[in-house]
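User: I'd like to go through some labels with you and see what stands behind each of them. Could you show me the model?

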Amino acid sequence: LFWSRIVIDFKPHLKLAHALWKDLVKPGATLIDATCGNGHDTCALAKLKPSQLFALDIQEEAVRKTEKNLKILLDSSDFEKIRFIASCHSHFPPTIFPRSVQLIVYNLGYLPGGDKELVTQVETTLLSIQKALDLVSCDGAISITCYPGHPEGEKEEQALLTFFRSLSPKKWNCLYHQWVNRPKSPSLFFIRPV
Ligand SMILES: C[S@@+](CC[C@H](N)C(=O)[O-])C[C@H]1O[C@@H](n2cnc3c(N)ncnc32)[C@H](O)[C@@H]1O
């Protein structure tokens, strides 16, 4: 039923991801933005009325700037639900219990307008996603947008394809979406427990 409500006409990968999030998330859910960066995705998630939203980024400066911006952009009731954490996403807070998070979001790569060297890395991305598989609830999903147009992004996408292809179809539904007539266009993985 969930899938049948989404119309897959041409949408940039992030618009498609946001449409899937909106369709999936129920008010009161726990959500994680594992790469909050400039906070655009965190802002979209906060508007889905979660009970708690964890926003992580490895760059302390990005996290503080995002916190400041979202305080202005969001209603105070939505803003208060966000916990900003300057940390690598291979370490989630221990207060997040297994099977308790409805949506975990990754927007991989580097921060637009920031230092291109501070890019997500295959090893920590895979470590984090393995942990995310334990945290996601039975009605939840992990959403990952990938950028194969730069070398680290291409490596990451290949590693994710290999990893998700290895998961049991009895336990996981692993969707991979890319506009194949747009070479190296960003892609979207959407992973759900069966
Ligand atoms: C494409 S940007 C995210 C954009 C963001 N979601 C937004 O809406 O503005 C990728 C982010 O991942 C962050 N990042 C890189 N390695 C990370 C890691 N190991 N843990 C957490 N964040 C990381 C970068 O600092 C960067 O801000």
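User: What makes the meeting of the Lys184 and Glu154 side chains a salt bridge?

Analyst: A salt bridge is a side-chain nitrogen of Lys or Arg within 4 Å of a carboxyl oxygen of Asp or Glu. Lys184 and Glu154 meet at 3.2 Å, N to O, so the pair satisfies the rule. Lys184 lies in the loop between strand E6 (172-177) and strand E7 (187-193), and Glu154 in helix H6 (residues 151-165), so their bridge ties together parts that are 30 residues apart in sequence. Helices (H or I, at least four residues) and strands (E, at least two) are DSSP runs, numbered from the N terminus.

Before we go on: this is a predicted model, where local features need pLDDT of at least 70 and side-chain atom pairs count only at pLDDT 80 or more, while totals for chains, interfaces and linings use all residues. Residues are numbered from 1 along each chain as its sequence is written, and side-chain values use heavy atoms, with hydrogens and water left out.

User: Why is Lys184 called partly exposed?

Analyst: Buried means under 20% relative accessible area, exposed over 50%, and partly exposed in between (1.4 Å probe, protein chains only). Lys184 has 49%, so the label is partly exposed. Its partner Glu154, at 35%, is partly exposed too.

User: How many salt bridges are there by this rule?

Analyst: The count comes to six. Among them is Lys26 with Asp139, whose closest N and O atoms are 3.2 Å apart. Lys26 sits in the loop between helix H1 (13-24) and strand E1 (30-33), and Asp139 in strand E5 (residues 136-146), so this pair ties together parts that are 113 residues apart in sequence. Lys26 is partly exposed at 47%, and Asp139 is partly exposed at 31%.

User: How do you know that Arg64 and Glu67 form a salt bridge, and what separates them along helix H3?

Analyst: Their closest N and O atoms are 2.8 Å apart. Arg64 and Glu67 are three residues apart in helix H3, so about one helical turn separates them. Both also belong to a network of salt bridges with Glu60. Arg64 is partly exposed at 39%, as is Glu67 at 26%.

User: Is Thr66 buried or exposed, and what makes it so?

Analyst: Thr66 has 1% relative accessibility, so it counts as buried. This residue lies in helix H3 (residues 60-73). Leaving aside neighbours within four places in sequence, Thr66 is in contact (heavy atoms within 4.5 Å) with Gly37, Asn38, Gly39 and Phe84.
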